[in-house]
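Here is a short briefing on one protein chain. Start with the surface, then move to the fold and the core.

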Amino acid sequence: MMFSKSNPETPKPYVPPYRSGSLTEKGRSVLHAGVTITGNWTCDGIAEFGGTILGDLTADTVVLSKTSHVTGTIRAGQIIIEGTVVGAIHATTLSLRTGSDVSAKVFCQTLSVDLGAKLDGTVQMIPQSTNE
């Protein structure tokens with residue numbers, strides 16, 4: 001299986017990989033500590049991850065546990081981080097939990113940072129769409 005890494009210099013907006021159906025109809029992928037992915041991972045639902053990714057991660061919702069290490073770009077509507085991220089983050093809603101360690105270029109509409117979370121990088125707040 002071949003994987004490719006996208007150019008980290010070219011920011012891409014978050015585009016959900018799957019649009020039809022409700023969130024409860026979408027799948028949930030759970031990979032815990034000890035899993036290493038070298039390449040890109042696209043998930044059409046919720047990605048709950050505790051391992052290591054050297055590549056990009058795209059999903060509707062991303063939950064990174066305390067044991068997670070991601071080096072690459074994460075794109076999702078909602079992202080919750082308790083682990084380590086180095087790269088770029090594109091989200092509608094981003095939550096950095098206590099103990100998270102993020103070194104990234106961040107693009108989001110809503111950002112919450114808990115006491116004890118570490119953020120080193122740039123943050124660009126994206127205006128909410130007025131198309132309703």
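**Surface patch and core**

Val113 lies in strand β10, which spans residues 101–113. The model is a predicted one. Val113 is partly exposed, because its relative accessibility is 44% and that class covers values between 20% and 50%.

**Nonpolar surface patch**
- Val113 joins Leu119, Val123 and Met125 in a nonpolar surface patch of about 300 Å².
- Strand β11, residues 118–125, is the biggest contributor to the patch, with three residues.

**Overall fold**
- The protein chain has 11 strands and zero helices.
- From the N terminus, its elements therefore read β-β-β-β-β-β-β-β-β-β-β, each run being a DSSP strand.
- Among contacts with a separation of 6 or more, 13% link residues 24 or more positions apart.

**Burial and exposed area**
- The protein chain has 132 residues, and 39% of them count as buried.
- About 7,400 Å² of the chain is exposed, with 54% of that area supplied by carbon and sulfur atoms.

**Nonpolar core**
- In soluble globular proteins, nonpolar side chains tend to be buried together.
- The largest nonpolar core holds 25 residues, and those touching the most other members are Leu64, Ile79, Ile81, Ile89 and Leu94.
- Strands β4 (45–49), β7 (61–64), β8 (69–81), β9 (84–96) and β10 each give two or more residues to this core.
- Beyond its neighbours within four places in sequence, Ile79 contacts Val62, Ile74, Ile89, His90, Ala91, Thr93, Leu94 and Ser95.

Definitions and conventions. Residues numbered from 1 in each chain as written. Predicted model: local features only at pLDDT ≥ 70, side-chain atom pairs only at ≥ 80, totals over all residues. Heavy atoms only, no water. Patch = residues over 30% accessible without salt bridge, like charges linked within 9 Å, V, L, I, M, F, W, Y side chains within 5 Å. Areas by Shrake-Rupley, 256 points an atom, 1.4 Å probe, with all protein chains shown as cover. Salt bridge = Lys/Arg side-chain N within 4 Å of Asp/Glu carboxyl O. Helix = DSSP H or I, 4+ residues; strand = E, 2+ residues; numbered from the N terminus. Buried < 20%, exposed > 50% of the residue type's maximum accessible area, 1.4 Å probe, protein only. Contact = heavy atoms within 4.5 Å. Core = buried A, V, L, I, M, F, W, Y, C linked by side-chain atoms within 4.5 Å.
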